[in-house]
Amino acid sequence: MNALLVIVLMLVLAGVQAKLPALAGLRLEFLPAIVAYSALTFKRGRAVLLAFAAGCLQDALSAGPFGVTGFAYAIAALVIAGLGTVLDRNLPFIPLLAGSVASMAGAIGAFCIIGVTGVAVLKLIGVALIAGVITIPVFLVVDA
Amino acid sequence: MAGWIIFIGQPTTVATKLRMIFVQLSTPFVKLGDYIPVVQSRRELDHQNRELRSSNDLLRQQLRAFDATVVENLQLNRLLAFKTRQPYRTLGARVIGRDSSNWYKSIQIDRGMNDGLRNDLAVLNADGLIGKITGVTTGEARVLLLTDPACKASALLQDSREPGIVTGTDGAKLQMTYVSRHAKIRAGEPVLSSGLGGIFPKGIFIGTVSKVRLDSQTGMFQNLEIQPAVDYRRLEEVVVIVE
C-alpha cells in the first residue's frame with residue numbers, strides 16, 4: 001500500500017516539478033525525496049527499483065539521456081539503504097541528508113554528460129540542499 | 001352633504017387645519033407603508049446586487065479571457081506571418097512542458113513522430129532561433145534550447161561576416177567562440193546562423209553581441225557574449241523547420 005502511495009506521489013511530483021517556478025534559478029527537485037524515502041523504508045530491491053523508476057521519470061521529462069538519472073538514483077538508493085540499517089530515519093537530519101545524497105547522485109550523473117564547471121558545482125550544492133529540505137515534509141506526509 | 005363636500009374642498013382656514021390634522025395622523029402610517037416597500041426593495045436590491053456581482057465576476061473573467069485571446073491572437077498572427085515568409089516547410093507547435101531537471105535546458109512541444117518530426121530539426125519563432133529537437137515520441141518532442149551548453153550552432157556576424165560557434169552558457173546569455181582575433185566587432189552587431197552543420201538553416205537571427213573579449217586561454221580567438229533574441233523563459237508557440 002505504501003509503495004503504491006509512493007508510486008502515485010512520484011508521478012504527481014514529477015509532473016509538478018517541471019511546472020513549478022525555479023527558486024533563484026534552481027528548480028525544486030522532489031524525486032530525490034522519493035528516492036530517499038524508498039531507500040530508508042522499503043527492502044533494498046524494491047527501493048532500488050523505485051529509485052530507478054524515479055530517475056527514468058526525471059529523464060523522460062528532461063533533455064538528459066534516458067536512464068542516466070535512473071542509474072544514478074538507483075546507486076544512491078543502494079548506498080542510502082545500506083546505511084539505513086545503522087541510521088535512525090526518524091531523526092530529521094537523516095531524511096535531509098538522504099535527500100541531498102540522492103540529489104547529488106542525480107547531479108553527478110548529469111555531470112558525466114555535460115561536464116563539470118565551478119558554477120555547476122555551486123548549483124549542485126544549492127540543489128542538494130533544497131532537495132534535502134523538501135525530503136523532510138515528504139517523509140512526514142507519506143508516513144502519516 | 002354636498003355643502004360639506006364643497007366646504008371641505010375649499011381652501012379655507014378650517015379646511016387647511018383639518019387637512020393638517022389628517023396629514024399628521026396619517027403620517028406614521030404613510031411612513032410605515034413606505035417602510036414595507038423599502039424592505040422589499042432592499043431584498044430586491046440585495047438580490048440584484050448579488051446578480052450584478054456574479055455577472056460582474058463573469059464579465060471580468062470573460063474580459064481576462066478576451067485579453068488573453070487577443071495576446072494569443074497577436075502572437076499567432078506574428079508566427080503565421082513569420083511562417084509564410086520562410087522558404088522552408090514548417091510546422092507550428094505549442095510548448096507543453098519545460099525541463100524538470102536543473103542540468104539541462106529544454107522544452108517539450110505538442111508535435112511528434114506522427115507529425116513528421118525527427119531528431120535534429122531546427123526550432124525557431126518570430127524572434128529567432130530556439131534550438132533543435134533531441135527526442136521524439138509519437139505525440140511530443142523535446143527541444144534542446146540554444147542556451148544549453150550542449151546545443152551548438154554555426155553562426156555568422158551579420159556585418160563583419162566573421163564565422164564562429166554559438167553555444168549556451170550556465171547563465172541566460174549565449175557565447176560565440178572561435179571568432180578570429182583580428183576581426184573588428186562592435187557591440188550590438190547581429191548574429192545569424194551560418195547554415196553550416198546541416199541543422200540550422202542560414203540567416204536565422206540568434207541575437208546581438210553584448211561583449212567582446214580575447215580568449216584568455218589561447219589568445220587566438222575572440223569570445224563574444226551574445227544577448228539572445230529569444231526570451232527562452234516565455235516560449236509559448238514555436239515553428240519547426242521540417243524540410
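Start at the tail end of chain B: select B:Glu243, which sits in the segment after strand 12 (237–241). Helices here are DSSP runs of H or I with at least four residues and strands are runs of E with at least two, numbered from the N terminus.

Before going further, a word on what is on screen. This is a predicted model, in which local features need pLDDT of at least 70 and side-chain atom pairs count only at pLDDT 80 or more, while totals for chains, interfaces and linings use all residues. Residues are numbered from 1 along each chain as its sequence is written, chains are lettered from A and ligands numbered from 1 in the order in which they are written, and side-chain values use heavy atoms, with hydrogens and water left out.

**Stop 1: B:Glu243**

Is B:Glu243 buried or exposed? It counts as exposed, at 62% relative accessibility. Here, buried means under 20% relative accessible area, exposed means over 50%, and partly exposed is in between (1.4 Å probe, protein chains only). Leaving aside neighbours within four places in sequence, B:Glu243 is in contact with B:Tyr88 and B:Arg89; contact means heavy atoms within 4.5 Å. Now add B:Asn56 to your selection: the C-alpha atoms of B:Asn56 and B:Glu243 are 50 Å apart, with their positions 187 residues apart in sequence.

**Stop 2: chain B as a whole**

Show chain B as a cartoon. You will find two helices and twelve strands, and both helices come before the strands in the pattern α-α-β-β-β-β-β-β-β-β-β-β-β-β. Of the 243 residues in chain B, 36% count as buried. Switch to a surface view and you are looking at about 14800 Å² of accessible surface, 58% of which belongs to carbon and sulfur atoms. That area comes from the Shrake-Rupley method with a 1.4 Å probe; for residues, only the protein chains shown count as cover.

**Stop 3: the barrel**

Select strands 6, 7, 8, 11, 10 and 9 of chain B: in that order, these six close into a barrel with antiparallel pairing. Neighbouring strands of this sheet are turned by 40° against each other on average, direction ignored. For that angle, axes are lines fitted to C-alpha atoms (for helices, over the stretch in contact), and angles run from 0 to 180 degrees between N-to-C directions.

Zoom in on strand 6 (residues 152–157) and strand 9 (residues 190–193) of chain B, which pair in the antiparallel sense over three bridges. Two strands pair if DSSP finds at least two bridges between them. Which residue of strand 9 is the bridge partner of B:Leu156? Select B:Leu192 to see it.

Next, pick B:Val179 in strand 8 (residues 174–180) of chain B. B:Val179 is buried, with a relative accessible area of 0%. Its contacts beyond four places in sequence include B:Leu157, B:Ile185, B:Phe221 and B:Leu224. From B:Val179 to B:Ser154 is 11 Å between C-alpha atoms, and the two are 25 residues apart along the chain.

**Stop 4: strand 4 and its two hairpins**

Move to strand 4 (residues 129–136) of chain B, where six of the eight residues are buried. On one side of the sequence, a hairpin of four residues joins strand 3 to strand 4 of chain B. Strand 3 (residues 122–124) and strand 4 pair in the antiparallel sense over three bridges, and B:Val123 has B:Gly131 as a bridge partner. Strand 4 also forms a hairpin with strand 5 of chain B, again with four residues between them. Strand 4 and strand 5 (residues 141–145) pair in the antiparallel sense over five bridges; B:Val136 and B:Ala141 are bridge partners.

**Stop 5: B:Ser101, where chain A comes in**

Select B:Ser101 in the loop between strand 1 (90–98) and strand 2 (106–109) of chain B. B:Ser101 is buried, at 5% relative accessible area. Beyond its neighbours within four places in sequence, B:Ser101 is in contact with A:Arg27, A:Gln58 and A:Ser62. A polar atom of its side chain lies 2.9 Å from the backbone nitrogen of B:Trp103.

**Stop 6: helix 2 of chain A**

Finish on helix 2 (residues 31–41) of chain A, which is largely enclosed by the rest of the structure because ten of its eleven residues are buried. Among them are A:Leu31, A:Ile34, A:Tyr37 and A:Leu40. The cover over these buried residues includes helix 1 (2–19), helix 3 (44–60), helix 4 (68–84), helix 5 (93–114) and helix 6 (118–143) of chain A.

Definitions and conventions
Polar contact = N/O pair within 3.5 Å; in protein donor to acceptor, adjacent residues only side chain to side chain.
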